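Trainee: I'm new to this one. Could you show me how to read it, feature by feature?

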Amino acid sequence: MSELNQSAVFARNAGIDVLRGISILLVMLNHIGLRIRLVKGVLINYLPEQLLDAINFNGYEAVFLFFVISGFLITLHSLGRWGRLGSIDARAFYTRRAARILPCLLTLVALLSLLHLMRVPDYVITEPGQSLPRAIGAALGLHLNWYEGMTGYLPANWDVLWSLSVEEVFYIGFPLACLLLRREWLLAPVLAALAVWGPISLATIKHNPIWHEKAYWPGVGAIAVGVLTAMLAARWAPRTMLLPRALLAVGGCGVPGVMLFEAQIWPWLHEGTLLLLVVLTAVLILAFHWHAVLRPDWKIPGTAWLQSMGRMSYEIYLTHMFVVMTVVELYKHAGYGPQWGLLWYPPAIAGAWGLGWLVARYFSEPAEHAMRRRLMKPRHEAAVVGA
């Protein structure tokens, strides 16, 4: 890795944080919009229906933005720590993933189980063939996406865990593949094959709309694109801003363009539409990374709130449905109807941000640091401590 790229590896990237912030915002807008449609409100008098639907119904696509970002950042950080993927320390890699994922995941599953047992509306597992023990096993066993595909949607916060199952299955195999193949020129074709196979595989499961939405391969392919993007970013950087600016224009127009005009693009590309979105996301991430490499003081004015949401995207993603369901209940009891449903969006988004901040500040970040300190001690030291 070049010295220039190394300096930008672990620094926060404003553009990528903004992209993550937009992604989690789209997820929240989707989950609010499923219950309070913008097209049924006053905005339909001023904005096109297609735009309002794009605001409400791109949550699924936003998850794929997350997948690409995740693959990029984790790979870039791995290259920064170990120099090459073939030298990755699997034990340290898994420890970092566990410290980041498990505290919030275990706490959320415990809380959702309690709400189910207390028969709290909107949190009770009622679908035929579903049960609390199986939902817990699916969430912790990283196959909740498959479980929903076979039995139906789970309620509220259970459902958001489908993407975590896809992501973490990839990261279980990622260090092993790196150590097995050793050379990046061997790893790259495998990742490219996964990227292409992801959308193609969807054509074989159209009979099951839930599994079509939550299957492993498309998400794995999107993460693989992020990994390939990081491999490129770590090996080469342009000397001028010309290429980053061009990529920023392509990705900055392309990603929202696909989200807005997906219905028009789909008849031409079918499942390839998802691959197009993923590739354009990678283009945008690469532009943000090279901007930071060439101009370390680069900032995006007026986006501090989005960057904040991006930094806490995991916490907000796991907990936002508690706020959404509460606001929706208040909306129903208010009895004003959908015309002014728009007014319920800001408190839902602000509340989700606030809850995410509280969880990050007082639980997940301290827990992550504590787990890393405990689990990443040198092995001989850990043995003495545990004796």
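Mentor: Let's go from the overall fold to single residues and then to charged pairs. Keep in mind that this is a predicted model.

Trainee: How many helices and strands are there in the chain?

Mentor: Start with the count of each kind. The chain has 19 helices and zero strands. Its radius of gyration is 21 Å, close to the 21 Å that the globule rule gives for 387 residues, so the chain is as compact as a globular protein of that length. Along its principal axes, the C-alpha trace spans about 60 × 60 × 45 Å.

Trainee: What share of the residues count as buried?

Mentor: Of the 387 residues, 53% count as buried. Contacts add to the picture: among those between residues at least 6 apart in sequence, 78% join residues at least 24 apart. As for the outside, the accessible surface comes to about 17700 Å², and 67% of that belongs to carbon and sulfur atoms.

Trainee: Let's try one residue. Is Ser113 buried or exposed?

Mentor: Look at the relative accessibility and compare it with the cut-off: buried means under 20%. Ser113 has 9%, so it counts as buried. This residue lies in helix α5, residues 90-117. Leaving out residues up to four places away in sequence, Ser113 touches Leu132, Ile136 and Trp158.

Trainee: And where does Lys40 lie?

Mentor: Lys40 is in the loop between α2 (14-33) and α3 (49-56). With a relative accessible area of 55%, Lys40 is exposed. Apart from neighbours within four places in sequence, Lys40 is in contact with Pro338 and Gln339. The C-alpha atoms of Lys40 and Arg245 are separated by 39 Å, and these two are 205 residues apart along the chain.

Trainee: What should I look for in backbone angles?

Mentor: Most residues other than glycine have a negative phi. Here, Arg119 has a positive phi, near 60°. Arg119 sits in the loop between α5 and α6 (132-140), and at 52% relative accessibility it counts as exposed. His270 also has a positive value, near 55°. You'll find His270 in the loop between α14 (262-269) and α15 (272-294), partly exposed at 39%.

Trainee: Now the charges. How many salt bridges does a search of the whole structure find?

Mentor: The general idea is that side chains of opposite charge can pair when their charged atoms come close. The search finds 13 salt bridges in this structure. In one of them, the side chains of Lys214 and Asp159 meet at 3.1 Å, N to O. Lys214 lies in helix α11 (residues 209-214) and Asp159 in helix α8 (residues 156-159), so the pair ties together parts that are 55 residues apart in sequence. Lys214 is buried at 1% relative accessibility, and Asp159 is buried at 15%.

Trainee: Which helix holds both Lys332 and Glu329?

Mentor: Both lie in helix α17 (residues 313-334), three residues apart, about one turn of the helix. In their salt bridge the closest N and O atoms are 3.8 Å apart. Lys332 is exposed, at 53%, while Glu329 is partly exposed, at 28%.

Trainee: What about Arg372 and Glu368?

Mentor: They form a salt bridge too, with the closest N and O atoms 2.9 Å apart. Arg372 and Glu368 are four residues apart in helix α18 (residues 345-375), separated by about one helical turn. Arg372 is partly exposed at 24%, and Glu368 is buried at 11%. Salt bridges that share partners join Arg100, Glu315, Glu368 and Arg372 into one network.

Note on methods. Residues are numbered from 1 along each chain as its sequence is written. This is a predicted model: local features need pLDDT of at least 70, side-chain atom pairs count only at pLDDT 80 or more; totals for chains, interfaces and linings use all residues. Side-chain values use heavy atoms; hydrogens and water are left out. Helices (H or I, at least four residues) and strands (E, at least two) are DSSP runs, numbered from the N terminus. Buried means under 20% relative accessible area, exposed over 50%, partly exposed in between (1.4 Å probe, protein chains only). Contact means heavy atoms within 4.5 Å. The radius of gyration is taken over C-alpha atoms; the globule rule is 2.2 Å times the number of residues to the power 0.38. Accessible areas come from the Shrake-Rupley method with a 1.4 Å probe; for residues, only the protein chains shown count as cover. A salt bridge is a side-chain nitrogen of Lys or Arg within 4 Å of a carboxyl oxygen of Asp or Glu.
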